[in-house]
Amino acid sequence: MSDFLKRVGMAQAELKAPKNQYNSFGKYNYRSCEDILEAAKPINKKYGLVLLLTDKPVCIGQRYYIEATARLYDIESEQFIEATASARESDTKKGMDDSQVTGTASSYARKYALNGLYNIDDTKDADTDAYKKQTTNTTAAPEYKCGDCGKPFEAFRDPTSGKTFTPAEVFQMAKKRNADGVARCAECRKKQGGA
């Protein structure tokens with residue numbers, strides 16, 4: 001393993017970006033792109049790494065997505081690793097002009113590109129109360145929601161086989177049904193012309 005990848009691994013292990021933001025409408029905690037960037041800056045400096053973020057619009061079908069790339073460079077050799085993520089622009093967003101809609105999609109895509117680059121996940125420390133709540137909660141987790149309307153996916157029991165699918169499994173099946181990889185609930189899939 002190269003020295004560069006060892007330093008990247010140490011930076012990934014050291015970076016902590018807790019969900020310190022609160023969405024009072026949806027009643028959930030989250031981390032923003034800016035939270036990750038602030039946590040990453042001193043760690044990148046410590047390990048001789050430079051982070052660059054870029055994004056570009058991509059048209060898939062008739063919808064526009066913002067594709068963000070997070071690239072981490074080695075200062076000495078200019079080697080790099082990268083991660084990409086995409087977010088779909090809303091048709092409209094109440095109280096926002098077009099540039100704000102694009103900016104929102106950009107922030108979302110950049111955040112998930114950074115999550116991939118730094119291996120940030122949403123698991124809880126097994127010793128915390130938050131972990132116990134997460135593992136005993138039977139409702140759909142916020143991350144398993146429709147990419148269009150935001151409605152959470154719920155557990156589903158197949159009447160034919162009798163098998164019960166978790167919200168995560170329903171979410172993954174919904175993603176596979178769409179060429180663009182967006183998990184949509186049945187109502188939004190019908191609006192898009194899907195079965």
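**Figure 1. Overall fold of the predicted model.** Six helices and seven strands make up the protein, shown here as a predicted model. From the N terminus onward, these elements follow the order α-β-β-α-β-β-β-α-α-β-β-α-α. The protein has 195 residues, of which 29% are buried. Of the contacts between residues at least 6 apart in sequence, 48% link residues at least 24 apart. The accessible surface amounts to about 12,900 Å², and carbon and sulfur atoms account for 51% of that area.

**Figure 2. Helix α1 and the elements that cover it.** Helix α1 comprises twelve residues, 3–14. With a rise of 1.5 Å a residue, the helix should span 16 Å, and the 17 Å between its end C-alpha atoms agrees with this. The buried residues of α1 are Phe4, Arg7, Val8 and Ala11. Viewed down the helix axis, these buried residues lie within an arc of 105°, so they line one face of α1. Their cover includes helix α2 (33–46) and strands β3 (49–60), β4 and β5 (80–88).

**Figure 3. Surroundings of aspartate 74.** Aspartate 74 is in strand β4, which runs over residues 63–74. Its relative accessibility is 5%; because buried means under 20%, aspartate 74 counts as buried. Setting aside residues up to four places away in sequence, aspartate 74 touches Phe4 and Arg7, together with Gly48, Leu49 and Gln79. Phe4 and Arg7 are themselves among the buried residues of α1.

**Figure 4. The largest nonpolar core.** In soluble globular proteins, nonpolar side chains tend to be buried together. The largest nonpolar core in this model holds 28 residues, and those touching the most other members are Leu15, Leu114 and Tyr118. Two or more residues of this core come from each of α1, α2, β3, β4, β5 and α3 (98–117).

**Figure 5. Contacts of tyrosine 118, and a separate core.** Tyrosine 118 is one of the core residues that touch the most other members. Apart from neighbours within four places in sequence, tyrosine 118 is in contact with Gln12, Leu15, Ala40, Asn44, Leu51 and Leu72. Leu15, one of these partners, is also listed with Tyr118 among the residues touching the most other core members. A second core, separate from the largest one, has six residues, among them Phe165, Phe171, Ala174 and Ala183.

Notes
Residues are numbered from 1 along each chain as its sequence is written. This is a predicted model: local features need pLDDT of at least 70, side-chain atom pairs count only at pLDDT 80 or more; totals for chains, interfaces and linings use all residues. Side-chain values use heavy atoms; hydrogens and water are left out. Helices (H or I, at least four residues) and strands (E, at least two) are DSSP runs, numbered from the N terminus. Buried means under 20% relative accessible area, exposed over 50%, partly exposed in between (1.4 Å probe, protein chains only). Contact means heavy atoms within 4.5 Å. The expected span of a helix is 1.5 Å times one less than its number of residues. The arc is that of the directions from the helix axis to the C-beta atoms. A nonpolar core is a set of buried Ala, Val, Leu, Ile, Met, Phe, Trp, Tyr and Cys residues joined through side-chain atoms within 4.5 Å. Accessible areas come from the Shrake-Rupley method with a 1.4 Å probe; for residues, only the protein chains shown count as cover.
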